[in-house]
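Visitor: I am new to this structure. Please explain the terms as we go.

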Amino acid sequence: MSAPAKRSVTITLDGSNKSTTLPLLSGSVGPDVFDIRKLYADLGVFTFDPGYGATASCDSKITYIDGDEGILLYRGYPIEQLAENSNFLEVCYLLLNGELPTETEGKAFELGVMRHTMLHEQLRTFYNGFRRDAHPMAVMCGVVGALSAFYHDSLDIHDAESRRISAFRLIAKLPTIAAWAHKYTIGQPFVYPRNDLTYAENFLYMFHAVPAEEYKVNPILSKAMDLIMILHADHEQNASTSTVRLAGSTGANPFACIAAGIASLWGPAHGGANEAVLKMLEEIGHVDNIKAFLADVKDKDNHTKLMGFGHRVYKNYDPRAKIMQKACHDVLEELGIKGDPLLDLAVELEKIALSDPYFVERKLYPNVDFYSGIILKAMGFPVSMFTALFAVSRTVGWVSQWKEMIEDPAQRIGRPRQIYTGAPKRDFVPASQRS
Ligand code: SDX
């Protein structure tokens, strides 16, 4: 819990003798917060913050972001150091448990996850209910939500062992569910997981392998996949994580909560942006068209956004985007792809945008989605799978945040209020008397 209040703020309502003193709480790092929990009782007023731009919804120890400095820490470790030195399953352990695992703990965790990679065989038939051209995110929402119907033994959210098993099941099964969503849409048979492979290797294997021939995982691709998963693992109280927390606050089971998170992530303003960036780059087509495109973006009547740019928190370069841009160059080079026109276009687009006053004044910088699509496309993933891959990576963040909330003794159902600007109380008028 945050440190006891040392400072406070007193608010007095104009024209009344009502006032209240709100304690100022300090975290371990980052802005202090006003504790407004007694505001309504004392003054009979709410706060108003649509989009929650200045509202702390919870006390969390998992991820810290300094948007002005472009800093991202998972349990205190800088994302750059984890990207350089760790691997995705070790980061999963860190996010869930708060500390990096010892070698023994890491091995046991990896074994625990790999033991849950298979799906209940009846879930295979669940896919058949979808059209072959269903968007993979629609399939992910449905199949993950359906997991509740299969795992009755781990739905007791107040039992630590149930929470542990559910966490393993979700982290382990999302890659299988996502890979099978892809296989289903292209009419290829599902490929079962192999537990002799690493987490990232296993995902690539299930995604690309076919029964007709042996598939060797390219180590360049599995290293890049592991990095991409680390970068997307968690990100404080973003829209989809807040969705998971709100769903979880009602006591809903973890599978239903993660399905809600997947649905929220799908939006183009959030996790769907990586898919939208690729479509935007393909529409721009050539560096000569960048100026005209940016003119459209700056013309409000166009409602055109520079996808992959801007962020509610980062008012500086998203540190993940920097790592991703470098990985793009490395992977393309290692794959022997001599220059990728989309990457060249993205780099030029970024350069021009970052020198344009419109973007500079609004502190709009590339975010994690700006380069991720380029590397995923180079790795052979269809654009429609980009957000599904984001969901696979973010599941550990959602589960960690859900677990932290459920284990918080102060946890209560989330129930925001509103300012009501609709019709005041009025009497019903029979249809015959309405004009
Ligand atoms: C993710 O929250 C997280 O942590 C999310 C995420 C995670 O890991 O979970 O980081 C992942 O969702 C990254 C964001 C991916 N989305 C996109 O790339 C879509 C494009 N970006 C925008 O839609 C927008 O920047 C948001 C949604 C990301 C942030 O929106 P905000 O915070 O509500 O910002 P805003 O709309 O108030 O923008 C402020 C100004 C506005 O202009 P004015 O009204 O002041 O004139 O900047 C403009 C906006 O119109 N603006 C953009 C823009 N983003 C903001 N103009 C053009 N292109 C953009 N991309």
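Guide: This is a predicted model, in which local features need pLDDT of at least 70 and side-chain atom pairs count only at pLDDT 80 or more, while totals for chains, interfaces and linings use all residues. Residues are numbered from 1 along each chain as its sequence is written, and side-chain values use heavy atoms, with hydrogens and water left out.

Visitor: What makes the link between K300 and the ligand a polar contact?

Guide: An N or O atom in the side chain of K300 is 2.8 Å from an oxygen atom of the ligand. A polar contact is a pair of N or O atoms within 3.5 Å; within protein, one must be able to donate a hydrogen and the other to accept it, and residues adjacent in sequence count only if both atoms are side-chain atoms. The K300 pair therefore qualifies. For H270 the distance to a ligand oxygen is 2.9 Å, and for a polar side-chain atom of R394 it is 2.8 Å. The protein buries 75% of the 1,100 Å² that the ligand exposes when taken alone (Shrake-Rupley method, 1.4 Å probe).

Visitor: Why is Q401 called buried?

Guide: Buried means under 20% relative accessible area, exposed over 50%, and partly exposed in between (1.4 Å probe, protein chains only). Q401 has 0% relative accessibility, so it counts as buried.

Visitor: Which residues is Q401 in contact with, beyond its neighbours within four places in sequence?

Guide: Contact means heavy atoms within 4.5 Å. The partners of Q401 include S60, I62, D234 and R245.
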